[in-house]
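Please open the structure in your viewer and keep the selection tool at hand. This tour moves from one selection to the next and says what can be found at each stop.

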Amino acid sequence: MRRQIPLLLVFVSGVFMVIQYFVPSAFAERAYEFLIDWTIIIGIFALALGIWSLVRVSYNKIRTGHPDAMYSAITLAGLGLMIFFGFEFPGVSYKEAMRVTQAKDYIQSEFSGARDAAARRVFLPESETLSLRPDSIKTILTMAADSVAHWVDIFKTSHWFSGADLEGTNLAAIMTTTEQFKSISSQYTSVSPSDSMALAGLAGRVSEVSQQGIAAVDSLKNLSDVYPLTGGLENYWFIHFFDDVMIPIQATMFSLLAFFIASAAYRAFRARSLLSTVLLLAAFIVMARLLPMGPVTIGANKLTQWILLVPNLAAKRAIVIGVGLGIVATSLKVVLGIERSYMGRD
Amino acid sequence: MLTASVSAQPANTSSADTTAQMQAIPPAPPVNVSAKDRPNDNGTGIVVKWDASPDDGAGRNNVVMYKVYRSLKPDAPFKDWVLRGQVPFGKRQYTYDDVGARDKDSKDYFPKGVDVYYRVAAVAADTFSVSGNSNAAVASDEWYNTTRTTVLVFVLVFFGFTLYFINVAKKGKTLYVRPLAGIEAVDEAIGRATEMGKPILYILGLGSASDIATIASFSVLGRVAKKVAEYQTPILVPCYDPIVLTVAEETVKTGYSDAGRPDDYKDDSVYFVTQSQFAYVAAVNGTMLRERPATNIYLGKFYAESLLLAETGAVTGSIQISGTDEIAQLPFFVVACDYTLIGEELYAASVYLNREPILMGTLKAQDYYKAFVIGVIALGLIGRMFAPDLLQAIFNIH
């Protein structure tokens, strides 16, 4: 009975899967999705078993003083730390603080950009200020005001600031700066391009207002104010361990492939027999198409196309057909209960 | 049928269009608009057909596209009809598959089991005209996909072959299976490991337990586990997938039990590593370099890690036996391993090891079915030359 029930389940599920392939109705689709969902659920439970296995094996190595115990200790430490860092401690996440910091940088650059543009219009000689006419300064100020309003919206939707912060003086000062930008920009319309005094006055106003805005942005909370453990999967340590340790190591492993391909190719292309000589020649032709050698490259390109599309593809298709039939046959054996190795027994 | 342009318009047509339309002469509307259930689907589609406007490619020749509208009420004002799609001009007859979503929560939900109506607008540069209503059509789901009849026939033929050869094998007829060098080398490799006092490393690949390559690998693992239990050689099975881990544990335990040495099984011989591809490679390569296994067996589903593993194994001087159905990885295994099972040979390995009549029957069925497929391919070639239409009809080639 212990074996019959799983076999019956496999048979019923297997036959259903075969039938549903031929049944397009919504019922068959839903049932298929339901079964697939179960594989995900089982996978999640199995992951716990996997982690238990890893912990058990590593712990045993440390306990028995195995020569590789050091690696096991590092593994367990990494596992424990990442689980700990992944806990959701209350507070703003590092990623969110990064977003706000980026918004602060953009606002400051808008303010200083507008200030500099206004100043350049005054201090540059007339011949060099064509691109910075009074109406263009007006446009710069209006666009800066709009852009700042957009970045301030990020503050408003962020947990980085409490309601009190949002209504506080710094944010109000930033918004006031944008209003003043708009007010000054309208004054540029009535100024003659040759009226240096008036332009200098306006530039001074822009500079003064910008400085107030920049000071207000500076007074907002900084990234360093973030508690490194808050924010769950977006906290400082979790992100840095993953992005700055895990990913570079993975990339390193993957890049080793280039060297391994070279050493494997050297072994494969040693012309020890007729077949390996043919392989060597084919490889030479395929590589020759990449060489900048005019007619030789063109000829090699044509020959490469033929090699890839005729003998190579024919062999590939033969393997694919064989694999396809093998999959169907093995599936049939599993469904009919002939193949039972997945239950741990032949 | 409405043959004049309409003054009302659907919600997604701008008022500027209407103004322009009053100045331009609209094209004649499309004719013979019909709708019917989309066959072989899950009840979320209607096929709309219509004939070209007389001004499409002729007459004023000003039609640039057609727009298909749908409504549940045939007498609804045109502004309430929903735009479902657009079709470029240039044909005499048009077909549009109006396919929606199954779930009621979706914006694109297709009403099932109720009458739906269609109208088609012939659109010119600044104006358009709309056809009359199509017939009422109801989207319904079907219980058999007729386009897959060919597949069903081929599956049934294969089932027939399999059942026949299982029957033949059961009657005691000897069925020949060509030797598989890779599998024959397993015993020799285990013997070598025993002599050297080194472990055997068995890698099941990155596949899940539902991959056929992994299932085939379980069979070989069972045999290898039994042998290593008999020879008292250690085995290491680092796993990538937790479900594969649980099956592999059971398989190895059973192998030890079958060899009459259940107490020799060590819990730590089958273990989970990680589900990160290159972290797994790093762990397994580390094991290879530290433990120096005498034999490495790679059977299952492999991807970019195949060469990283096999080359490291070659560096450590292990005998290496590999097998996968991933075509892109086969060349890597061929150059780096001593023996490689190519494609279906991996599936045949368990049969080759077991030699059970029923399993042999399925293997024979595969061989004969391959001959059958080769015959069908040859017929297809001939058919393609002499009767292409018939071939297209049989195999639903469009």
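Two residues are said to be in contact, or to touch, when heavy atoms of theirs lie within 4.5 Å. Keep in mind throughout that what you are viewing is a predicted model.

**Stop 1: the whole of chain B**

Begin by selecting chain B and showing it as a cartoon, in which you can look for its 11 helices and 14 strands. The radius of gyration of this chain is 32 Å, well over the 21 Å that the globule rule gives for 398 residues, and chain B is therefore more spread out than a compact globule. If you turn the chain along its principal axes, its C-alpha atoms fill a box of roughly 95 × 50 × 35 Å.

Now switch to a surface view of chain B, whose accessible surface comes to about 17700 Å², with 56% of it belonging to carbon and sulfur atoms. Of the 398 residues in the chain, 51% are buried. If you colour the charges, you will be looking at 36 positive and 42 negative ones, and the mean positions of these two sets are 4 Å apart.

**Stop 2: strand β2 and its neighbours**

Next, select residues 45-51 of chain B, which form strand β2. Five of the seven residues in this strand are buried, so β2(B) is largely enclosed by the rest of the structure.

Add residues 31-37, which make up strand β1 of chain B, and you will see a strand that runs antiparallel to β2(B) and is joined to it by five bridges. Then add residues 93-99, strand β5 of chain B, which is also antiparallel to β2(B) and is connected with it through seven bridges.

Which residue of β2(B) should you centre on to find Ala35(B) opposite? Choose Val48(B), which stands opposite Ala35(B) and which has Tyr96(B) as its bridge partner in β5(B). While you look along these strands, remember that in a regular strand the side chains alternate between the two faces of the sheet.

**Stop 3: Ala124**

Finally, move to Ala124(B), which you will find in the loop between β6 (115-123) and β7 (128-130) of chain B. Is this residue, Ala124(B), buried or exposed? Its relative accessibility is 6%, and since buried means under 20%, Ala124(B) counts as buried.

Show the surroundings of Ala124(B) and, leaving aside residues up to four places away in sequence, you will find that it touches Pro27(B), Asn62(B) and Val64(B). As a last step, draw a distance from the C-alpha atom of Ala124(B) to that of Arg290(B), which is 166 residues away along the chain, and the separation comes to 75 Å.

How values were computed. Residues numbered from 1 in each chain as written. Chains lettered and ligands numbered in written order. Predicted model: local features only at pLDDT ≥ 70, side-chain atom pairs only at ≥ 80, totals over all residues. Heavy atoms only, no water. Helix = DSSP H or I, 4+ residues; strand = E, 2+ residues; numbered from the N terminus. Rg over C-alpha atoms; globule rule 2.2 N^0.38 Å. Buried < 20%, exposed > 50% of the residue type's maximum accessible area, 1.4 Å probe, protein only. Areas by Shrake-Rupley, 256 points an atom, 1.4 Å probe, with all protein chains shown as cover. Lys, Arg positive; Asp, Glu negative; His and termini not counted. Charge placed at Lys NZ, Arg CZ, Asp CG, Glu CD. Pairing = 2+ DSSP bridges.
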